[in-house]
Amino acid sequence: MAQKLKITLGGETYLADLLWQEAPRTCEAFIAACPFESRIFSAKICDAEVTYPVPGKIADLDLMENPKFEEPAGAVVWYGAWSSICIFFDICEPYGTCNMFARICEADRERFAAACRAVWDDQGALIRNEIVDVEDEEA
């Protein structure tokens, strides 16, 4: 079994791999904050992303374990300055270096990108984050 981030947006669910090797302390802090719901407060600041605040102790996390400047599609990053998660649903360049701790699974990236683009039609959309156990693909 592997722990994954399960994101629910627009009534659909998507899975993301946690990057334990690259950002173990960020993964631990995020798991401790789950489950939670939030409202997307911005999208398209850098073009292809959605951003939302995370409640709890993680809000004070100021950590840069896995710094990335050019974000790959599906990157889930922690912005400590905003106490927020930002998910880049397409390749784009953020305004600053990000702490990447998860990535939307390849099989879900296209569907997730479509749901994120629809956020502009549903401002303030709810997004739910939880941790789930998933059968290992290698088993």
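I will go through the overall make-up of this predicted model, then its confidence, and then one residue, Asn99.

Let me start with the fold as the model gives it. The protein chain has two helices and 10 strands, and if you follow along from the N terminus, the order of these elements reads β-β-α-β-β-β-β-β-β-β-α-β. Among contacts with a separation of 6 or more, 69% are between residues that lie 24 or more positions apart in the protein chain. As for burial, the protein chain has 139 residues, and 47% of them count as buried. The exposed area comes to about 7,300 Å², with carbon and sulfur atoms supplying 48% of that surface.

Before going to any detail, a word on confidence, since this is a prediction. The average pLDDT over the protein chain is 85, and 86% of the residues score at least 70. Between the elements there is a spread: strand E2, residues 12–18, has the highest confidence with a mean of 97, whereas strand E4, residues 42–43, has the lowest with a mean of 62.

Now to the residue I would like you to find on the screen, which is Asn99, located in strand E9, residues 98–104. Is the side of the chain at Asn99 buried or exposed? Asn99 has a relative accessibility of 0%, and because the cut-off for buried is under 20%, Asn99 counts as buried. What does the side chain of Asn99 contact there? In the model, the side chain of Asn99 is joined to that of Thr26 by a polar contact of 2.9 Å.

Terms used. Residues are numbered from 1 along each chain as its sequence is written. This is a predicted model: local features need pLDDT of at least 70, side-chain atom pairs count only at pLDDT 80 or more; totals for chains, interfaces and linings use all residues. Side-chain values use heavy atoms; hydrogens and water are left out. Helices (H or I, at least four residues) and strands (E, at least two) are DSSP runs, numbered from the N terminus. Buried means under 20% relative accessible area, exposed over 50%, partly exposed in between (1.4 Å probe, protein chains only). Contact means heavy atoms within 4.5 Å. Accessible areas come from the Shrake-Rupley method with a 1.4 Å probe; for residues, only the protein chains shown count as cover. A polar contact is a pair of N or O atoms within 3.5 Å; within protein, one must be able to donate a hydrogen and the other to accept it, and residues adjacent in sequence count only if both atoms are side-chain atoms. pLDDT is the predictor's confidence in each residue, from 0 to 100.
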